[in-house]
Amino acid sequence: MRSFRWWFVIGALLTLSVLMVQGGVRELLDGSVPGSGTGAYLTFVTTIFGGGLLAGCVALVMKRLQ
């Protein structure tokens with residue numbers, strides 16, 4: 001379970017960095033996207049959470065195959 005937590009955090013941080021490189025966080029904070037609000041924040045949070053889950057689950061599968 002320790003490796004899942006580690007890779008979950010790494011995956012979430014990598015997803016956040018990709019969003020920042022694409023400029024999505026700036027648009028979210030500036031409000032330049034029409035209709036940005038609670039829905040936009042929820043989209044960012046679920047995307048980051050999904051990236052963490054993906055990395056954590058891949059780490060579990062790789063550990064199991066080893």
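Q: What makes Phe4, Phe8 and Phe49 an aromatic cluster in this predicted model?
A: Ring centres have to lie within 6.5 Å of each other to pair, and by that rule the count comes to two aromatic pairs. In one of them, the rings of Phe8 and Phe49 have their centres 5.5 Å apart. Phe4, Phe8 and Phe49 together form one cluster.

Q: Why is the pair of Phe8 and Phe49 called edge-to-face?
A: It comes down to the angle between the ring planes. Over 60 degrees counts as edge-to-face, and these planes sit at 70°, so the label fits.

Q: How do you know that this pair links distant parts of the chain?
A: Look at where the two rings come from: Phe8 belongs to helix H1 and Phe49 to helix H3, 41 residues apart.

Q: Why is Phe8 called partly exposed rather than buried?
A: Buried means under 20% relative accessible area. Phe8 has 21%, so it counts as partly exposed.

Q: And what about Phe49: why is it partly exposed and not exposed?
A: You need over 50% to be exposed. Phe49 has 46% relative accessibility, so it goes down as partly exposed.

Q: What makes Leu54, Val58, Val61, Met62 and Leu65 a nonpolar patch?
A: Patch members need over 30% relative accessible area, and nonpolar side chains are joined within 5 Å. Take Val58 as an example: its relative accessible area is 43%, so it clears that cut-off. Val58 sits in helix H3, residues 38–65. Together the five residues of the patch offer about 530 Å² of accessible area.

Q: Why is Cys57 called partly exposed?
A: The class runs between the buried limit of 20% and the exposed limit of 50%. Cys57 comes in at 40%, so it belongs there. Cys57 is also in helix H3, and its C-alpha atom is 9.9 Å from that of Arg5, 52 residues away along the chain.

Q: How do you know that the protein follows the pattern α-α-α?
A: Just count the elements: there are three helices and zero strands. Read along the sequence, that gives α-α-α.

Q: Which helix has the lowest confidence, and which the highest?
A: Helix H2 (residues 24–30) is lowest, with a mean pLDDT of 68, while helix H1 (residues 2–21) is highest at 89. For the whole protein the mean is 82, and 79% of residues reach 70 or more.

Methods. Residues numbered from 1 in each chain as written. Predicted model: local features only at pLDDT ≥ 70, side-chain atom pairs only at ≥ 80, totals over all residues. Heavy atoms only, no water. Patch = residues over 30% accessible without salt bridge, like charges linked within 9 Å, V, L, I, M, F, W, Y side chains within 5 Å. Areas by Shrake-Rupley, 256 points an atom, 1.4 Å probe, with all protein chains shown as cover. Salt bridge = Lys/Arg side-chain N within 4 Å of Asp/Glu carboxyl O. Helix = DSSP H or I, 4+ residues; strand = E, 2+ residues; numbered from the N terminus. Buried < 20%, exposed > 50% of the residue type's maximum accessible area, 1.4 Å probe, protein only. pLDDT = per-residue confidence, 0-100. Phe/Tyr/Trp six-rings, centres within 6.5 Å; stacked < 30°, edge-to-face > 60°.
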